[in-house]
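Please find below a note on the ligand site and the annotated domains of this model.

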Amino acid sequence: MASAKKQFAVIGMGRFGFSVAKALSEMGFDVLAIDSDEHSTQAVSNIVTHAVSADSTDEEALRALGVRNFDVVVVAIGEDIQASILTTLILKDLGGPIIIVKAQNELHGKVLQKIGADKVIFPERDMGLRVAHHLTSPNILDYIELSDEYSIVELRVTKGMIGKNLKELNIRALFGCNVMAIKRGTKMNISPAASDRLTVEDVLVIVGEKNDLTKLELAYSES
Ligand code: ATP
């Protein structure tokens with residue numbers, strides 16, 4: 001392809017696929033949206049560069065669409081696990097793009113990993129985790145799982161933290177977690193110093209083992 005702009009294909013225009021395709025388009029990327037259902041492709045046709053009705057379990061159809069020339073393909077077929085797996089296998093065989101696949105559950109995710117998906121995502125599970133952490137500790141503004149062991153949390157400073165510096169807070173010694181960054185309004189300090197004092201508007205971005213983060217969340221669950 002002549003353009004240096006990244007080319008994305010998104011297969012499956014459910015709520016998730018639609019929102020990925022729309023966001024990529026709004027960011028200025030070329031997006032090919034594929035769905036076996038014509039209504040779904042019509043709904044996205046004004047938003048993306050190309051929208052095509054095709055069954056992604058049909059190897060010839062994917063080949064004809066030139067999917068292997070794309071940089072990234074997102075497979076966003078959830079419910080029809082068989083179609084999701086077959087599509088991923090075909091894409092893998094065709095070779096070329098980075099393959100990102102939405103998994104419906106853990107087992108589906110394991111199969112996708114085994115057959116060579118480059119990244120498996122669990123949007124419902126991840127959003128459920130984030131909401132649960134926020135509900136149990138309102139100071140937790142966001143929760144991102146990095147791996148089975150590690151996560152990142154965004155913690156709004158509590159009253160007791162205001163005016164203290166990171167050394168005084170002693171989060172590393174007390175909880176074994178690291179403050180990676182401090183968000184202050186729209187500014188982000190990505191290499192906070194031990195002497196940096198916290199203000200009421202600050203949010204700490206902390207990485208650590210999940211067990212340690214849970215202890216930290218509990219300790220700072222009160223405002
Ligand atoms: P949501 O993101 O809304 O939760 P979901 O996970 O329930 O979606 P589905 O509704 O199963 O996912 O599928 C998303 C889209 O994928 C649907 O629009 C469906 O028509 C499309 N789809 C399913 N199978 C295929 C296929 N073989 N080829 C192309 N598109 C397909």
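The points below take up the basis of the model, the ligand site and the domain records.

1. This is a predicted model, in which local features need pLDDT of at least 70 and side-chain atom pairs count only at pLDDT 80 or more, while totals for chains, interfaces and linings use all residues. Residues are numbered from 1 along each chain as its sequence is written, and side-chain values use heavy atoms, with hydrogens and water left out.

2. The ligand is surrounded by 21 residues, a residue being near if one of its heavy atoms lies within 4 Å of the molecule. Arg15, Phe16, Asp35, Asp55 and Lys102 are the closest. By class, the shell holds seven charged, eight polar and six nonpolar residues; Asp, Glu, Lys and Arg count as charged, and Gly is among the polar ones.

3. Backbone atoms approach the ligand at several places. A polar backbone atom of Arg15 is 2.7 Å from a ligand oxygen atom, and a backbone N or O atom of Phe16 lies 2.8 Å from an oxygen atom of the ligand. A ligand nitrogen atom is 3.0 Å from a polar backbone atom of Ser56. Of the 630 Å² of accessible area that the ligand has on its own, the protein covers 83% (Shrake-Rupley method, 1.4 Å probe).

4. UniProt, in an unreviewed entry, lists "domain: RCK N-terminal" at residues 5-121 and "domain: RCK C-terminal" at residues 138-222; such annotations may be inferred rather than shown by experiment.

Key:
Polar contact = N/O pair within 3.5 Å; in protein donor to acceptor, adjacent residues only side chain to side chain.
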